[in-house]
Amino acid sequence: MIKCSIVFLLFISFSCMQTDAQTDYFIFGKNEMAEWITDGRELPSYDSLYYLDWPSPLFRKEFIVDNEVENATIYITAAGYYKATLNTQPVGKNVLDPAWTDYSKRIYYSEYDVTSSMVKGTNCLGVSLGNGFYNPLPLQKWGHRNLRNDLKKVGKPAFIAKLTIKFKNGKTQEIVSDNTWKFALGPLVQNDVYIGNVYDARKEIRGWNTPGYDDTSWNFAQKGESPGGELQKAFFPPVQIVKELTPVEIYSPEKGIFIADMGVNFTGNYKIKISGNKGDTVTFRFGERVYEDGKLNPLTTVAGQIKRKGMGGPGAPDIAWQTDSYIVGDTAATWFIPEFTYHVYRYMEITGLTKKPQISDIKGFFIHSNVRNKSSFSCSSDLLNSIQEATKRTFLANLVSVQSDCPAREKFGYGGDVNATSESFIYNFDMQAFYRKTIYDWVDAMNDSMFVDTAPYTGIEYCGISWESAFLITQYYLWLYYNDIEIIKELYELDNKWMDKAEQIHPGGIVEKGLSDHESMKPVPVQLTGTAHYLQCSQIMKTFAGVIGDMENEQKYEQLSEKLKSLIKTEFWDKPVKGEINRQTLFSTLLYHGIIPEKDLNAARDSLLMAVNNGPSGHFNTGIFGTKYVLEVLSEYVSPEIVFDIVNSTEFPGWGFMIDNGATTIWETWKESDDTYSNCHPMFGTVTEWYYRWLAGIKPDPENPGFEEFFITPHMPEGLEYVNCSYESPFGEIISNWRLEKSGGYIFEIKVPQGSEAKLILPTKEKYQVSLERGGEKLDMQAFKNQGKGFRLNEGDYIVTALPLKWLDAK
């Protein structure tokens, strides 16, 4: 019964998400029907053959324009990746397009204005194809996971496109992908998103995408197989080259080897000026670290931990390095830019050059989904600022159309990482559209009988509810931070069916299997964290039912929440916990999810504080979820001063320890790893959420989602002299700045955007005389007093001065 219902609802949710099904038919088939087209080759018959040269195909289509063009628009997507040109000019700025999805369910297309590239007379469209996640290598990650078996749809790359030209005389012309296009095999002879490219410049076809090129020897394109997914217009930020980096140093640790140090760890590719003898091979390897002798250490970025002969399957490399190769064609210097792949690296190893490259010969390209990046945080602590910079860099490095856990080893969209860090991402970037895409990825990934771990689906099914619940929890944060009610209405029926599935999998309420507080330094039972996520989902569904006006389900989920709270309380609070357990995660989970009765809060607070004090160096030893929880509840129930002292320390374990040991992105583990674990992993980046929520004090109000009303509750720990923070809310910029004055008092600068209201609550550890100004005019404090405590501030720019009474008395 559940199976039939969920399949039906998935169909319904697709039709409700957008009206793009009809729109897309008209876009790609209004007058001339666009077709999926590809080259004439068959895919290899055996896994080992995939590692041989398989040149990327080049497609071209000439057409004539006789009239004056008013505007021209191209609509294009691919199964795999594409790069398009019009009269040799790049079409748009997107790279690694289209976004990764389950191609059997949906495929996003892009729309580009190409009016400026059109010419009167003969024009030429050019398209090259890459494999992407549609035609991956059969690498057996960890010795047994093969994407060609695990992905729901793989196949030979193909594309579909339509160019619509509107003329000033009112007429239109359409150029569509069909079997009148011609193709040839290009110089990119191997391309893979994990282990990189091989580019043979000897096989370059000069002028192939220019009008008038003689393509008589080319073959006609063949109609390709549709991957089956619904074509929908991309509505989220595209992947683009967002920043260029210049090497800080190029050195030679050994004859014939050059290392370019880019200064920071990041995700992307590069361009390099290359010259040499025809047939010379220049090889690049990439890594996050170097050894003490200066040589490249690539071991934290090996795809799927494939590090020995035979582990990766027939034909696979013994070690699945991130690597590219360039075979010289012309002896003249030329720029090489790899396509259809991306790497995470700080260090680039180069072999095959006869002389050391100049700094000006290499540029790094930071590639990520180009999310709006207007929010900011800085303070008087250089260490905290370095942690913030590393955290934001880590987040962006893991946004390549999906939010990944690491951008080299897996590149997968794990739900647990989204659950842990989505609020942190939202505080730093505009994530509304990106996370909508993430939710739809989960709709496409889920099944009716068990939980899956990633979206898009990659065959992994052992982490359990704390991972797949990202489908629901991300919806909640879109509602809380953006007041996105439409996503709730759209998916509400499916949300209810998902909760039915959760009950079917965990009929007793307690979660008995799955991954718990990943990378905790002490054991954590999944019965604690998994059941807490089940509880969180039931509370979310109670909220959603209230939004929808579904009183029956609101009551149902209230009862479920109380049941799950009672079960967790009975198991983990009312009786001693047997066996070794991470007590920091234990007590922070209980407090974070509201499981501790009010009468026991003091005892729970004391237990948490003792657990933290007993931690290594008096620091946190928590994992993926416990770290988010402990940052919040230790601040709320004990003191943000204690959290600040931990965060602002370089002792192990901690963020400062990472920075003090050279990290420019956040590690996967508290302990430094130079041979296994990623050095660019978002999950411990939840510290940035604490910056915004506790040091700047900017918090959403669940009673008024989307920042129509919100809290500003800054905290000023001893040792911190100022905080400057802005958050881009749906209503506009919120500012919460403060600075310590010589008097011991504080000046607060507050900005409340138009249409919203802030509830300002200042710390009360000392008695202050508070004054309020707006636009240089002193205001009557009583008029702004909140009914509870603090002040209510409507739109405007405010200066709040808090002078200590003891200083005023002494004066």
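1. A salt bridge here is a side-chain nitrogen of Lys or Arg within 4 Å of a carboxyl oxygen of Asp or Glu. The model is predicted. Glutamate 733 and lysine 751 fit that rule: their side chains meet in a salt bridge, at 3.4 Å from N to O. The pair links distant parts of the chain, 18 residues apart. Glutamate 733 sits in strand β32 (residues 732–740). Lysine 751 sits in strand β33 (residues 746–752).

2. How buried or exposed are these two partners? Glutamate 733 has a relative accessible area of 28%, so it is partly exposed. Lysine 751, at 27%, is partly exposed too.

3. Side chains of opposite charge can pair when their charged atoms come close. How many salt bridges does the rule give? The count comes to 46.

4. One of them joins the side chains of lysine 182 and aspartate 215. The N to O distance is 3.9 Å. Lysine 182 lies in strand β12 (residues 182–185). Aspartate 215 lies in the loop between β14 (196–200) and β15 (219–220). The two are 33 residues apart in sequence, so the pair ties together separate parts of the chain.

5. Are lysine 182 and aspartate 215 buried or exposed? Buried means under 20% relative accessible area. Lysine 182 has 12%, so it is buried. Aspartate 215 has 17%, so it also counts as buried.

6. Arginine 409 and glutamate 410 make another salt bridge through their side chains. Here the N to O distance is 2.9 Å. Arginine 409 is buried. Glutamate 410 is buried as well.

7. Some salt bridges form a network. Which residues does it link? They are Asp701, Glu709, Glu757, Lys759 and Arg792.

8. Now look at arginine 693. Its place is in helix α17 (residues 687–695). Arginine 693 counts as buried because its relative accessibility is 13%, and the cut-off for buried is under 20%.

9. What does the side chain of arginine 693 join? A polar contact of 2.9 Å connects it to the side chain of glutamate 632. Glu632 also appears among the contacts of arginine 693, counted without neighbours within four places in sequence. The others in that list are Glu423, Tyr427, Tyr481, Ile698, Lys699, Pro700 and Thr713.

Terms used:
Residues are numbered from 1 along each chain as its sequence is written. This is a predicted model: local features need pLDDT of at least 70, side-chain atom pairs count only at pLDDT 80 or more; totals for chains, interfaces and linings use all residues. Side-chain values use heavy atoms; hydrogens and water are left out. Helices (H or I, at least four residues) and strands (E, at least two) are DSSP runs, numbered from the N terminus. Buried means under 20% relative accessible area, exposed over 50%, partly exposed in between (1.4 Å probe, protein chains only). A polar contact is a pair of N or O atoms within 3.5 Å; within protein, one must be able to donate a hydrogen and the other to accept it, and residues adjacent in sequence count only if both atoms are side-chain atoms. Contact means heavy atoms within 4.5 Å.
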